[in-house]
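This briefing is meant for a reader who is meeting the structure for the first time. It begins with a helix and a sheet, and then moves outward to domains and chains.

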Number of protein chains: 2
Amino acid sequence: MLTREHLAELDAADALAAARGRFHLPPGIIYLDGNSLGPMPCAAPAAVQAVVESQWRDDLITSWNRHDWVNMPLRLGEKLAPLLGAAPGQVAVADSTSVNLFKVLSAALAARGERNLILSEAGNFPTDLYVAQGLAARCDCELKLVTDGDEVQSALDERTAVLMLTQVDFRSGRLHDIASITSAAHAAGALVIWDLAHSAGAVPLQLDAWQVDLAVGCGYKYLNGGPGAPAFVYVNRSFQQRFAPLLQGWFGHVRPFDFEPQFVAAEGIHRALCGTPPVISMAALEAGLDAFSDVDMALVREKSLALTGIFMALLHQECARFGLQVITPQVAERRASQVAVRHADAFPLIQALIERGVIGDFRSPDVMRFGFAPLYIRFVDVWDAVAKLREVFTTRSYEDPRYRARAEVT
Amino acid sequence: MLTREHLAELDAADALAAARGRFHLPPGIIYLDGNSLGPMPCAAPAAVQAVVESQWRDDLITSWNRHDWVNMPLRLGEKLAPLLGAAPGQVAVADSTSVNLFKVLSAALAARGERNLILSEAGNFPTDLYVAQGLAARCDCELKLVTDGDEVQSALDERTAVLMLTQVDFRSGRLHDIASITSAAHAAGALVIWDLAHSAGAVPLQLDAWQVDLAVGCGYKYLNGGPGAPAFVYVNRSFQQRFAPLLQGWFGHVRPFDFEPQFVAAEGIHRALCGTPPVISMAALEAGLDAFSDVDMALVREKSLALTGIFMALLHQECARFGLQVITPQVAERRASQVAVRHADAFPLIQALIERGVIGDFRSPDVMRFGFAPLYIRFVDVWDAVAKLREVFTTRSYEDPRYRARAEVT
């Protein structure tokens, strides 16, 4: 039998407890949606103000050199690299996840030889599938989707040019084993692309050790970079010479400020850049990355599994009679940092919870998602969130007609 | 003989004089580089702070609906549309200029039928050429470049799928006649794409009336949207049904938040979106667009031509003996809002001017560029800038060895 007192003791012993102070968390809110949009790092306002109200305002165009705006995409990439298990020179921050995925998928297809199949799973995040569908239609390729993520290894064959997967299923929170799947893909002669949108900052990654070819991910979820923060792109050093994305722009040129009419790709990860970087949004993301500078990702993983495990245990202990179905894997190795729960009234339940200060989100048709970011979520938050859910059930307050018709967004 | 007193009288009579107060211009600086990075609108800090320190901080994920983040790309597009001469529903703000150019060029090529030639000019902004080179190499197309921009009409033929030009030459400031060139391209059966990077906010545009098919442009130059501000994309209503960019992502889906696995393009200009918009950078751009809300672009054009014309006249009057060569057209119809001047010592001259508070920029190998943004540049600024240039020449201060080795960026 879990008690709130026991959870408070876990908080008192939590080696990551101090990190919570690096984020602004509105009073009275339990924020379980950091997997959609991370909260504001306390350092973000000053970082943004420095760019806007000092660098841009006072130093104008000269800031590109004076304040090193021109190197932000790679500077932020190097700050992110340790979280990805990447040695220097392989990560850049730029554009959106969709655009970066387009770059790496187009580059993988250009290096594919005779193979003409992109393999992915039907439950992949939709924008990844949309990017692949767009490319496949015009590049003489086929997109093959397996229904069950566990079937990807057996679906690999001599036609597979690229295996493109998201490590964490955005609905269920199921975690793929990048090491074994990448190894199987390479054994089958395919390249791999991993989307780490729900992984980076929540799950320890070893992209170099796992010999991942290409990866992308999101800046505004567990990296807390702000709404629509620039995304990231990883190109393994061994692939960089071959990396020739279909989308090429001046920031990927070897000498962008020589304004040469012929494109010549820069060396290394620079060639993953395209247009001018959105400096103000980048400044907020840099504050988010700085919040990780001394964080041990092994501790993050340990606390993440404890938080999600206790949440599931408490759902069983406190809410068993309400017909909830947890679709997140119970096995720790298969679970990322979120818990997904099915219920026929998932939409009004989430709305009622939000109105009571517990912010999760809804995914069509009947899934409630709760994200547990170990840097700022406490064990008592887990208790209080489940208590609110039980209250919403017992008072039947989720039946309020106001909760029936709202739109939502991630 | 022009005098500073005469120019002060022009300022006193300037119908746009009040607009200068909408921008922060550092004391002691004459900023003639708004064609590279516009200055900070006074409203920008509050706009950015509202997003960061109120919406993101306090309302977190719910801000996507509560503060209408989700509609920012189209809301900003509608604010921009009048400056482009576009009726509602044809302009979106998103991504970088390079990425937007990739979208429209790939969509134009997809609609091209049997034609296989992209026509442009060698002096086009390099990133435009890089985007076209990337696409041409993989889409069975050829990129043909004319050396002299005046030859584009005669180079059109039955092979031309797309004519892709930038209205304003980034070096010389030469202005293309969009109406006549578009008409000639259509007569030859080609689609047109116009890059308006150095036009929007400086030159009156009539994209609808000119029947332009597709256009893109930059948010951080004359629109004053901040460093690396999101760019814009225009898709003429008559082309929207056929508009199928190779780059497709979830914000261009007809129902993005239904998370459907199959891409179905949204109706209208929505389909020009791709990934999640960079909200913080967008907030700064919105402040820049708002500074134009009551501005008559005919007055902007009139003042622009007066500023550039007087600058050229003063160069002749005050600096004739220093070997300067103006490469910007003298004819008003051929001139945008910048003046380019060749000199063998262009690089150190610009550095010496910057150190004396006159900010222009350098373009390889020997060009000094001076941009005149009518919303905040005064006629006396033109006088004072030329006076500083004369001083730099007469004191030979540009020969200081410190000015020989710096990098620059736009």
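In chain A, helix α10(A) lies across the strands β9, β10 and β13, and its direction makes an angle of about 25° with that of β10(A). The model is a predicted one, and the points below are grouped by topic.

**The sheet in chain A**

- The sheet on which this helix lies is open and consists of four strands, which follow one another in the order β9-β10-β13-β12 (chain A) with antiparallel pairing.
- At the edges of the sheet stand β9 (325–326) and β12 (361–363) of chain A, and because each has a single partner strand, one side of each is left without a neighbour in the sheet.
- Between β10(A) and β13 (residues 367–371) of chain A, which run antiparallel, there are five bridges, and Ala340(A) has Arg369(A) in β13(A) as its bridge partner.

**The two domains of chain A**

- Chain A is divided into domain 1, which is made up of 4–41 + 296–403, and domain 2, which covers 45–290.
- The centres of domain 1 of chain A and domain 2 of chain A, taken over C-alpha atoms, are separated by 29 Å.
- Where the domains meet, 26 residues of domain 1 of chain A are in contact with 20 residues of domain 2 of chain A.
- On the side of domain 1 of chain A that touches domain 2 of chain A, α10 (297–319) and β10 (338–342) of chain A each supply at least two residues, and α10(A) gives the most, with five residues.
- By class, the residues on that side of domain 1 of chain A comprise 14 nonpolar, eight polar and four charged.

**Chain A against chain B**

- The contact between the chains involves 72 residues of chain A and 72 residues of chain B.
- Several elements of chain A each supply at least two residues of the side that touches chain B, among them α2 (44–59), α5 (97–110), α9 (279–290) and β12, while α6(A) gives the most to that side, with nine residues.
- The side of chain A that touches chain B has 42 nonpolar, 19 polar and eleven charged residues.
- A turn of 180° with a shift of 0.0 Å along the axis lays chain A on chain B with an RMSD of 0.0 Å, which is therefore the relation of a two-fold axis.
- Within chain A, the C-alpha nearest the axis belongs to Ser281(A), at 2.7 Å from it.
- The same surface serves both copies, since 100% of the contact residues of chain A recur in chain B.

**Sheet and helices in chain B**

- Chain B has an open sheet of four strands in the order β9-β10-β13-β12 (chain B), with antiparallel pairing.
- Two bridges join β9(B) to β10 (residues 338–342) of chain B in the antiparallel sense, and in β10(B) the bridge partner of Val326(B) is Val341(B).
- Helix α11 (residues 297–319) of chain B packs on this sheet, where it touches β9, β10 and β13 (367–371) of chain B, and its direction makes about 25° with that of β10(B).
- Elsewhere in chain B, the axes of helix α1 (residues 4–12) and helix α13 (residues 379–394) come within 7 Å and cross at roughly 150°, so α1(B) and α13(B) are roughly antiparallel to each other.
- In this contact, residues of α1(B) including Leu7(B), Ala8(B) and Leu10(B) meet residues of α13(B) including Phe379(B), Val382(B) and Trp383(B).
- The residues of the contact of α1(B) with α13(B) are seven nonpolar, no polar and two charged.

Notes. Residues numbered from 1 in each chain as written. Chains lettered and ligands numbered in written order. Predicted model: local features only at pLDDT ≥ 70, side-chain atom pairs only at ≥ 80, totals over all residues. Domains from an automatic or database assignment. Contact = placed C-beta atoms within 7 Å. Nonpolar A, V, L, I, M, F, W, Y, C, P; charged D, E, K, R; others polar. Pairing = 2+ DSSP bridges. Axes fitted to C-alpha atoms, helices over the stretch in contact; angles between N-to-C directions. Parallel < 35°, antiparallel > 145°, perpendicular 65-115°, else oblique. Least-squares fit on C-alpha atoms with pLDDT ≥ 70 in both.
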